[in-house]
Amino acid sequence: MSKPALKKHYLLYGSERYALAILRPLQAAIRARGDEAAWFFDGPGAEDLVEGERLLTVEEVRRWNPIAVVTSSNHLPHFFPGVKVETFHGFNAGKPRHVYIRGFFDLYCTTGPRDTAQFGALAQKLGHFTVTETGWPKLDPFMKEIAGPLPPVRTPPVILYHSTFSPSWSAAEILYDEVKRLSRDGRWRWIVSFHPKMEPGTRAKFKALQNEYLTFAENDNILDLFPQVDMMCSDTSSALSEFLLTGKPVVTFKNRAPGPQLIDIDDPAQFEPAIKRALSRPPELMQAIKAFRDAIHPYRDGHSSERVLDAIDAFIAAGGRNRKSKPLNFWRKFKLRRRIGYWGPA
């Protein structure tokens with residue numbers, strides 16, 4: 001009788017709480033294949049693991065011997081066993097990504113053609129990492145939820161207002177009076193959601209606007225709100241790129257990288273007319289949105305996690321090495337060891 005196949009071990013590494021939403025779909029795909037996933041955190045997030053999710057120490061990770069360590073961060077513990085894999089922690093606020101190559105990764109799993117072109121060119125030049133386009137695991141449940149044709153605009157329409165926390169990028173204070181005015185007459189319903197680091201005074205002002213037409217959402221995962229609305233208003237938040245994957249319009253205020261996929265304004269007086277245009281869904285705008293989402297994340301099937309696992313398998317099957325060694329990067333690795341408190345062998 002043949003022996004049962006050994007289960008593959010995968011380590012999911014987080015340095016921030018957002019790793020949970022990004023990597024949990026990957027955990028589900030690993031388990032669906034009959035393999036095992038565990039977590040290691042050296043920052044916030046471990047306290048939010050639930051029953052059945054396994055948290056390991058440094059020593060336990062080394063004994064557990066994962067075939068791959070997957071993260072959404074820009075770094076990871078180089079002294080852990082396994083292929084080092086980056087899945088990214090978001091889109092880059094509507095513009096080409098600023099590429100960080102820090103010598104920690106064997107494999108980059110890119111979200112779409114735009115990132116694949118950038119990272120692929122660097123892989124050819126540098127030679128110490130591989131690039132495979134997979135889509136973004138975080139979006140798997142969301143893509144399954146929004147599958148099918150774009151639904152018509154509701155009656156009354158529902159608008160999501162979201163702002164980033166950076167004072168130099170946020171339009172929340174500038175547009176506060178307009179949101180207050182437009183959320184009082186009942187033509188449209190509003191959901192307001194802010195980045196967790198939003199200035200508390202601004203958060204309190206918008207929360208105080210709640211009435212029968214405006215709700216202040218406390219959701220940690222803004223993706224949960226997207227199916228509930230017909231359009232988004234924002235500034236230069238990375239969340240607007242995720243929203244555009246729904247195929248719905250976005251109005252922005254002084255976006256740092258405006259393009260034809262956005263209705264960008266620079267005066268609060270333009271806010272109401274821009275919303276009306278967005279809700280009318282003009283054909284040229286809808287086509288620009290489609291082109292944009294095909295460039296950053298063309299995958300609609302909700303199986304990006306499986307593609308990440310396939311990419312890891314293919315990398316290992318090809319020998320598990322790149323044509324050049326990763327740079328030594330002593331200083332960054334020293335800081336990571338100090339942060340984690342591990343001085344043992346790599």
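**Close-up views of a predicted model**

**View 1. Pro260 sits in the loop between strand 11 (250–253) and strand 12 (263–265).** This is a predicted model, as are all the views that follow. With a relative accessible area of 64%, Pro260 is exposed. Even so, the loop residue has company from further along the chain: leaving out residues up to four places away in sequence, Pro260 touches Leu285 and Ala288. Leu285 is 25 residues away along the chain, yet the C-alpha atoms of Pro260 and Leu285 are separated by 6.8 Å.

**View 2. Pro167 is another loop proline, placed between strand 7 (158–163) and helix 5.** Pro167 is exposed too, its relative accessible area being 77%. Look across to Glu199: Pro167 and Glu199 are 32 residues apart in sequence, and their C-alpha atoms are 8.4 Å apart in space.

**View 3. Helix 5 (residues 172–182) crosses helix 8 (residues 271–280) at roughly 60 degrees.** The two axes come within 10 Å. Angles from 65 to 115 degrees would count as roughly perpendicular, but this pair falls outside that range, so helix 5 and helix 8 are oblique to each other. On the helix 5 side, the contact is made by Leu175, Glu178, Val179, Arg181 and Leu182. Helix 8 brings Phe271, Glu272 and Ile275. Sorted by type, the residues of this contact are five nonpolar, no polar and three charged.

**View 4. Helix 5 also packs against helix 6 (residues 200–207), here at an angle of about 10 degrees.** Their axes are 11 Å apart. That angle is under 35 degrees, so helix 5 is roughly parallel to helix 6. Ala172, Glu173, Tyr176 and Val179 of helix 5 meet Thr202, Lys205 and Phe206 of helix 6. The residues of this contact divide into four nonpolar, one polar and two charged. Within this view, check Lys205 and Tyr176: Lys205 lies over the face of Tyr176, at 4.3 Å from the ring centre.

**View 5. Arg187 lies over the face of Trp188.** The distance to the ring centre is 4.6 Å.

**View 6. Tyr108 and Phe129 form an edge-to-face ring pair.** Counting rings of Phe, Tyr and Trp whose centres lie within 6.5 Å, the model has 21 aromatic pairs. For Tyr108 and Phe129, the ring centres are 4.9 Å apart and the planes are at 70 degrees, so the pair is edge-to-face. Tyr108 belongs to strand 5 (residues 107–110), while Phe129 is in the loop between helix 3 (113–126) and strand 6 (130–133), so the pair ties together parts 21 residues apart in sequence. Tyr108 is buried, at 2% relative accessible area. Phe129, at 4% relative accessibility, counts as buried as well.

**View 7. Trp331 and Phe334 make a stacked pair within helix 11 (residues 330–340).** Here the ring centres are 5.7 Å apart and the planes are at 20 degrees, so this pair is stacked. The two residues are three places apart in the helix, which means about one helical turn separates Trp331 from Phe334. Trp331 is exposed, with a relative accessible area of 53%, and Phe334 is partly exposed, at 34%.

**View 8. Tyr13, Phe40, Phe79, Phe80 and Tyr342 are linked into a cluster.** The links are ring pairs.

**View 9. Phe88 and His89 share the loop between strand 4 (83–86) and strand 5.** Phe88 is buried, with a relative accessible area of 5%. His89 is partly exposed, at 38%. Most residues other than glycine have a negative phi. Phe88 is not a glycine, yet its phi is positive, about 75 degrees. Leaving aside neighbours within four places in sequence, His89 is in contact with Tyr18, Ile22, Ser72, Asn74 and Trp136. Of these, Tyr18 is 71 residues from His89 along the chain, with 7.7 Å between the two C-alpha atoms.

**View 10. Asn65 has a positive phi of about 60 degrees, again without being a glycine.** Find Asn65 in the loop between helix 2 (58–64) and strand 3 (68–71). At 48% relative accessibility, Asn65 counts as partly exposed.

**View 11. The peptide bond from Thr155 to Pro156 is cis.** Most peptide bonds are trans. Omega for the bond from Thr155 to Pro156 is near -5 degrees, and Pro156 is placed in the loop between helix 4 (140–145) and strand 7.

Note on methods
Residues are numbered from 1 along each chain as its sequence is written. This is a predicted model: local features need pLDDT of at least 70, side-chain atom pairs count only at pLDDT 80 or more; totals for chains, interfaces and linings use all residues. Side-chain values use heavy atoms; hydrogens and water are left out. Axes are lines fitted to C-alpha atoms, for helices over the stretch in contact, and angles run from 0 to 180 degrees between N-to-C directions. Helices (H or I, at least four residues) and strands (E, at least two) are DSSP runs, numbered from the N terminus. Angles under 35 degrees count as roughly parallel, over 145 as roughly antiparallel, 65 to 115 as roughly perpendicular and the rest as oblique. Contact means heavy atoms within 4.5 Å. Ala, Val, Leu, Ile, Met, Phe, Trp, Tyr, Cys and Pro count as nonpolar, Asp, Glu, Lys and Arg as charged, and the others, Gly among them, as polar. Rings of Phe, Tyr and Trp (its six-membered ring) pair if their centres lie within 6.5 Å; planes under 30 degrees apart count as stacked, over 60 as edge-to-face and the rest as tilted. Buried means under 20% relative accessible area, exposed over 50%, partly exposed in between (1.4 Å probe, protein chains only). A charge sits over a ring if NZ of Lys or CZ of Arg is within 6 Å of the ring centre and within 35 degrees of the ring normal.
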